[in-house]
Amino acid sequence: MPTIVDTEVSKPARITGRVMSGVVVLFLLFDGAIKLVPVSVVTETMDRMGFGASDALARSLGIITIVCTLLYSVPPTSILGAILLTGYLGGAIASHVRIGSPLFTHTLFGLYLGLLLWGGLYLRDGNLRALLPFRR
């Protein structure tokens, strides 16, 4: 059975990856927390996006966001968390496309966050580097 060999990650790459991942984790934990409360801006925005002003839906999305973010932040489950968050962010992008949100500020924000998420993980995780080697 083939195994993935953990490749060495330089200290500057690891630190940069942790900072990038930390920004993503802080943002998504905040996003999940405000959906758990849920504050009026969350339910109003969900209503404008066509999902209705449901507190239960907002809380469910908050729980999903926090669980996926915690999976991403724990090294043994970080790749699983990144995959789940990619799907979550893809849904956000699709929702913004559907209602015609501004492209660079709203619609592509999920893409920016996803690139930061995967870039941080790639820089700090030797297993992912071994799985997806970029050749010069």
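**Exercise 1. Decide whether Ser54 is buried, partly exposed or exposed, then describe its surroundings.**

*Solution.* Start with the accessibility: Ser54 has a relative accessibility of 27%. Buried would need a value under 20%, and exposed a value over 50%. Ser54 therefore counts as partly exposed. Keep in mind as you work that this is a predicted model.

Next, place the residue on the chain: Ser54 sits in the loop between α2 and α3. Leaving aside residues up to four places away in sequence, Ser54 touches Thr43 and Met46. For a view across the model, take Leu123, which is 69 residues from Ser54 in sequence. The C-alpha atoms of this pair are 38 Å apart.

**Exercise 2. Find out how helices α2 and α3 are arranged, and which residues make their contact.**

*Solution.* A general reminder first: two packed helices are described by the angle between their axes and the distance between the axes. Here, the axes of α2 (residues 40-48) and α3 come within 10 Å, and they cross at roughly 100 degrees. Angles of 65 to 115 degrees count as roughly perpendicular, so α2 is roughly perpendicular to α3.

Now list the partners. Helix α2 brings Val42, Thr43 and Met46, while α3 brings Asp55, Leu57, Ala58 and Leu61. Sorted by character, the residues of this contact are five nonpolar, one polar and one charged.

**Exercise 3. Work out whether Ala58 is buried or exposed, and name the residues it touches.**

*Solution.* Ala58 belongs to helix α3. Its relative accessibility is 0%, so Ala58 counts as buried. Beyond residues up to four places away in sequence, Ala58 touches Lys35, Pro38, Val42 and Met46. Take Met46 as a check on distance: the two residues are 12 apart in sequence, and their C-alpha atoms are 8.0 Å apart.

**Exercise 4. Identify the helices that give two or more residues to the largest nonpolar core, and look at the contacts of Leu85.**

*Solution.* The largest nonpolar core has 14 residues. Val24, Tyr72, Leu85 and Leu117 have the most contacts inside it. The elements that supply two or more residues to this core are α1 (11-36), α3 (55-73), α4 (78-99) and α6 (109-124).

Turn to Leu85 and set aside residues up to four places away in sequence. The residues it touches are Leu28, Thr65, Cys68, Thr69, Tyr72 and Leu117. As general background, nonpolar side chains tend to be buried together in soluble globular proteins.

**Exercise 5. Classify Phe134 as buried or exposed, and say where it lies along the chain.**

*Solution.* Phe134 is in the segment after α7 (126-131). With 69% relative accessibility, Phe134 counts as exposed. Phe27 is 107 residues away from Phe134 along the chain, and their C-alpha atoms are separated by 28 Å.

**Exercise 6. Summarise the whole chain: its secondary structure, its extent and its surface.**

*Solution.* Begin with the count, which is seven helices and zero strands. From the N terminus, the order of elements reads α-α-α-α-α-α-α. The C-alpha trace spans about 50 × 30 × 30 Å along its principal axes.

Then consider burial: 33% of the 136 residues count as buried. The accessible surface comes to about 8400 Å², and 71% of this surface belongs to carbon and sulfur atoms. Finally, take the contacts between residues at least 6 apart in sequence: 64% of them join residues at least 24 apart.

Note on methods: Residues are numbered from 1 along each chain as its sequence is written. This is a predicted model: local features need pLDDT of at least 70, side-chain atom pairs count only at pLDDT 80 or more; totals for chains, interfaces and linings use all residues. Side-chain values use heavy atoms; hydrogens and water are left out. A nonpolar core is a set of buried Ala, Val, Leu, Ile, Met, Phe, Trp, Tyr and Cys residues joined through side-chain atoms within 4.5 Å. Buried means under 20% relative accessible area, exposed over 50%, partly exposed in between (1.4 Å probe, protein chains only). Helices (H or I, at least four residues) and strands (E, at least two) are DSSP runs, numbered from the N terminus. Contact means heavy atoms within 4.5 Å. Axes are lines fitted to C-alpha atoms, for helices over the stretch in contact, and angles run from 0 to 180 degrees between N-to-C directions. Angles under 35 degrees count as roughly parallel, over 145 as roughly antiparallel, 65 to 115 as roughly perpendicular and the rest as oblique. Ala, Val, Leu, Ile, Met, Phe, Trp, Tyr, Cys and Pro count as nonpolar, Asp, Glu, Lys and Arg as charged, and the others, Gly among them, as polar. Accessible areas come from the Shrake-Rupley method with a 1.4 Å probe; for residues, only the protein chains shown count as cover.
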